[in-house]
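Reader: I am new to this structure and would love a close look at one part of it. Please pick a place to start, and then lead me step by step to whatever connects with it.

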Amino acid sequence: MKAWFQKIGYKIASWMYGRYGNDKLTYVLLISALLLSFLAYLPYCFFLYFVGLGLLIWSVFRTFSKNIPKRRRELERYMKIHNKFTGFFKLRRNKWRDRKTHVYFKCPKCRAVLRVPKGKGSITVTCPQCGERINKNT
Ligand SMILES: [Zn+2]
């Protein structure tokens, strides 16, 4: 019996060889499909079942796809959007955490967020992104 399970395991592993597998976007699609299938039970929301089914099919397609560079580009695009969304909250959290020790401000040239220590008087800051030199009173 154990040999039979091992044989099945090897067959699945050899079948998955060269395929993309799971990533963060696949999990997000699966969880969204699950939530939408539950929401489809609400009145007048039956169409959500088909949206969820589409997301489920997309996630399964991504898992078994052999076009790995295309799947990586999809993940990269998703992560760019994800990081933009989470970065907003992360900055708010860090500003609150460092409110007594650091000052946050934006570079006037490239709009990058810079962080300098509080209470150092007048300092000159060089923006790491564009090289702009900024005089700041902290
Ligand atoms: Zn800058």
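**Helix α4 and what lies around it**

Author: Let us start with R71, whose relative accessibility is 4%, so R71 counts as buried, since buried means under 20%. Please keep in mind that you are looking at a predicted model. R71 belongs to helix α4, which covers residues 68–97. Leaving out residues up to four places away in sequence, R71 touches Y20, F61, R62 and S65.

A second residue of helix α4 is L75. Which residues does L75 contact, once its neighbours within four places in sequence are left aside? They are Y20, D23, K24, L25 and R62. Two of these names may sound familiar: Y20 and R62 are also touched by R71. Take K24 from the list as well: along the chain, L75 and K24 are 51 residues apart, yet their C-alpha atoms are 7.7 Å apart in space.

K24 brings us to the partner helix, α2, which spans residues 24–39. In general, two packed helices are described by the angle between their axes and by the distance between those axes. For α2 and α4, the angle is about 70°, and the axes are 9 Å apart. Angles of 65 to 115 degrees count as roughly perpendicular, so α2 and α4 are roughly perpendicular to each other. Where the helices meet, α2 contributes K24, L25 and V28, while α4 contributes E74, L75, Y78, M79 and H82. Sorted by class, the contact of α2 with α4 has five nonpolar residues, one polar residue and two charged ones.

If you follow the chain onward from α2, you come to the loop between α2 and α3, where α3 covers residues 47–64. Y44 sits in this loop. Is Y44 buried or exposed? With a relative accessibility of 82%, Y44 counts as exposed, because exposed means over 50%. Its phi is near 65°, a positive value in a residue other than glycine. F46 is found in the loop between α2 and α3 too, and F46 is exposed, with a relative accessible area of 54%. Looking back along the chain from F46, L36 is 10 residues away, and the C-alpha atoms of these two residues are separated by 9.5 Å.

Now move on past helix α4 to the zinc ion. Which atoms coordinate the zinc ion? The SG atoms of C107, C110, C127 and C130 do, at 2.2 to 2.3 Å. The angles among the four donor atoms are 107 to 115°, and the site is tetrahedral. In sequence, the donor residues follow the spacing C-x2-C-x16-C-x2-C. The pair C107 and C127 links distant parts of the chain, 20 residues apart. C107 lies in the loop between β1 (102–106) and β2 (113–117), and C127 in the loop between β3 (122–126) and β4 (133–137). Both C107 and C127 are buried.

The loop between β1 and β2 also holds R111. With a relative accessible area of 53%, R111 is exposed, whereas C107 is buried. The phi of R111 is near 70°, a positive value in a residue other than glycine. A positive phi was also what we found for Y44, back in the loop between α2 and α3.

Key:
Residues numbered from 1 in each chain as written. Predicted model: local features only at pLDDT ≥ 70, side-chain atom pairs only at ≥ 80, totals over all residues. Heavy atoms only, no water. Helix = DSSP H or I, 4+ residues; strand = E, 2+ residues; numbered from the N terminus. Buried < 20%, exposed > 50% of the residue type's maximum accessible area, 1.4 Å probe, protein only. Contact = heavy atoms within 4.5 Å. Donors = N, O, S within 2.8 Å, 3.2 Å for Na, K, Ca; no water. Tetrahedral: all angles 85-135°; square planar, octahedral: opposite > 155°, others 65-115°. Axes fitted to C-alpha atoms, helices over the stretch in contact; angles between N-to-C directions. Parallel < 35°, antiparallel > 145°, perpendicular 65-115°, else oblique. Nonpolar A, V, L, I, M, F, W, Y, C, P; charged D, E, K, R; others polar.
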